[in-house]
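Work through the following exercises with the sequence and the model open. Each task is followed by a solution in steps.

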Amino acid sequence: MTTETRPPRTARLYLVCVGVGLLAGLMSGLFGVGGGTVIVPLLVLLLGFDQRLAAGTSLAAIVPTASVGVVTYAIDGHVAWIPALILAAGAVGGAQIGTWLLPKLSQTALRWAFVTFLLAVIVSLYFVIPSRDAALELTWLTGPGLALLGVVTGILAGLLGVGGGIVVVPALLLLFGTSDLVAKGTSLLMMIPTAVSGTVGNLRRSNVDLRAALCVGVAACATTAAGAQIAKAVDPFVANVLFSIFLVFIATQIAVKAVRGRHQR
């Protein structure tokens, strides 16, 4: 197995990491995601990161980003604490499974998995009709459902470098019928232990660029709160449409790289 090549420590690398972090932080606060759907493809496309290294670096950067987002949403009471803990409990174990699978998959397989994941999210965004009044109620059915959702998102977190919010937010809206703001705040809280767990596994496998992760994470903290404030003012459906357009662009770019990588093998 070949070792991942890391980009040289140049001024461009740090400037790009700051830019990626600022954008990821805004997306994190606005959509309740960790920012992995921004960080991973941009590290690959702009800095030539290996897909595995980009995924691990992204997951580490999500920790401070999500923490700032949780505080912002919690101030207005938009965090369901117990459901978030249930999600996190399942996600921590799932993240270990994901990081265990990460070095065992080919670059092309990882890229296609990421594209498939993004396409599924894009489709789901057009079926989500957020309500600002609905709560997340715990029952004998929703409890195990949240735990299972946590496991699935944890695997994706360790495997693709996303904090899980891009799965949890649509799932909470579609399957559990909760408020979009509560879904976002709860998602950000559950992804913190998930990201920490996944990062520990990635560090053991040398799948993290800590300097780049720190640079991206600190920059993201500067815009996360602003994104959360915008989320309260913007129409939820319009936000979903804009986000889906962005994801189409990212999915297209990664798909092109996956095809090229297959032909070069």
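## Exercise 1: a residue of α5

Leu118 has a relative accessibility of 0% and so counts as buried. The model is a predicted one.

Task: State which helix holds Leu118 and which residues Leu118 is in contact with, leaving aside neighbours within four places in sequence.

Solution.
- Step 1. Leu118 belongs to helix α5, which covers residues 107-125.
- Step 2. With neighbours within four places in sequence set aside, the contacts of Leu118 are Thr37, Leu247, Ile250 and Ala251.
- Step 3. As a distance check, take Ala228: it is 110 residues from Leu118 in sequence, and the C-alpha atoms of the two are 22 Å apart.

## Exercise 2: the crossing of α3 and α8

Task: Describe how helix α3 and helix α8 cross, and determine which residues make the contact.

Solution.
- Step 1. The axes of α3 (residues 51-75) and α8 (residues 180-204) come within 8 Å and cross at roughly 150°.
- Step 2. The crossing of α3 past α8 is left-handed.
- Step 3. On the α3 side, the contact is made by Gly56, Leu59, Ala60, Ile62, Val63, Ala66, Ser67, Gly69, Val70 and Tyr73. On the α8 side, the residues include Leu181, Lys184, Gly185, Leu188, Leu189, Met191 and Ile192, and also Ala195, Val196, Gly198, Thr199 and Asn202.
- Step 4. Sorted by class, the contact has 14 nonpolar, 7 polar and 1 charged residues.

## Exercise 3: the course of α8

Task: Compare the span of α8 with the expected one, locate its bend, and decide whether Leu203 is buried, partly exposed or exposed.

Solution.
- Step 1. α8 has 25 residues, and its first and last C-alpha atoms are 36 Å apart, close to the 36 Å expected at 1.5 Å a residue.
- Step 2. At Met191, α8 bends by about 30°, and Pro193 follows within four residues.
- Step 3. Of the 25 residues of α8, 20 are buried, so the helix is largely enclosed by the rest of the structure.
- Step 4. Leu203 lies in α8. Its relative accessible area is 43%; buried means under 20% and exposed over 50%, so Leu203 is partly exposed.
- Step 5. Leu203 touches Val208 and Leu210, with residues up to four places away in sequence not counted. Gly56 is 147 residues from Leu203 in sequence, with 8.0 Å between their C-alpha atoms.

## Exercise 4: the loops on either side of α8

Task: Place Thr178 and Ser206, and state what sets the phi of Ser206 apart.

Solution.
- Step 1. Thr178 is in the loop between α7 (165-174) and α8, and with 2% relative accessibility it counts as buried.
- Step 2. Residues up to four places away in sequence aside, Thr178 touches Ser131, Ala134, Ala135, Leu136, Leu172, Leu173 and Ala183.
- Step 3. Ser206 is in the loop between α8 and α9. Ser206 is partly exposed, at a relative accessible area of 45%.
- Step 4. Most residues other than glycine have a negative phi. The phi of Ser206 is near 55°, a positive value in a residue other than glycine.

## Exercise 5: α9 and what covers it

Task: Determine where α9 bends, which of its residues are buried, and which helices are among those that cover them.

Solution.
- Step 1. α9 has 24 residues and reaches 35 Å from first to last C-alpha, close to the 34 Å expected at 1.5 Å a residue. The bend is at Ala222 and amounts to about 35°.
- Step 2. Its buried residues are Ala212, Ala213, Cys215, Val216, Gly217, Ala219, Ala220, Thr223, Thr224, Gly227, Ala228 and Ala231.
- Step 3. The cover over these buried residues includes α1 (11-31), α2 (36-47), α3 and α8.
- Step 4. Ala212 lies in α9 and is buried, with a relative accessible area of 0%. Beyond neighbours within four places in sequence, Ala212 is in contact with Arg9, Cys17, Phe49 and Thr57. The C-alpha atoms of Ala212 and Ala61 are separated by 8.3 Å, with their positions 151 residues apart along the chain.
- Step 5. From the α3 side, take Thr65, a residue of helix α3. Thr65 is buried, with a relative accessible area of 1%. Among the residues it touches are Gly217, Ala220 and Thr224, which are also among the buried residues of α9.

Definitions and conventions. Residues are numbered from 1 along each chain as its sequence is written. This is a predicted model: local features need pLDDT of at least 70, side-chain atom pairs count only at pLDDT 80 or more; totals for chains, interfaces and linings use all residues. Side-chain values use heavy atoms; hydrogens and water are left out. Axes are lines fitted to C-alpha atoms, for helices over the stretch in contact, and angles run from 0 to 180 degrees between N-to-C directions. Helices (H or I, at least four residues) and strands (E, at least two) are DSSP runs, numbered from the N terminus. A crossing is left-handed if the near helix is turned anticlockwise from the far one by less than a right angle, and right-handed if clockwise. Contact means heavy atoms within 4.5 Å. Ala, Val, Leu, Ile, Met, Phe, Trp, Tyr, Cys and Pro count as nonpolar, Asp, Glu, Lys and Arg as charged, and the others, Gly among them, as polar. The expected span of a helix is 1.5 Å times one less than its number of residues. The bend at a residue is the angle between axes fitted to the seven residues ending there and the seven starting there. Buried means under 20% relative accessible area, exposed over 50%, partly exposed in between (1.4 Å probe, protein chains only).
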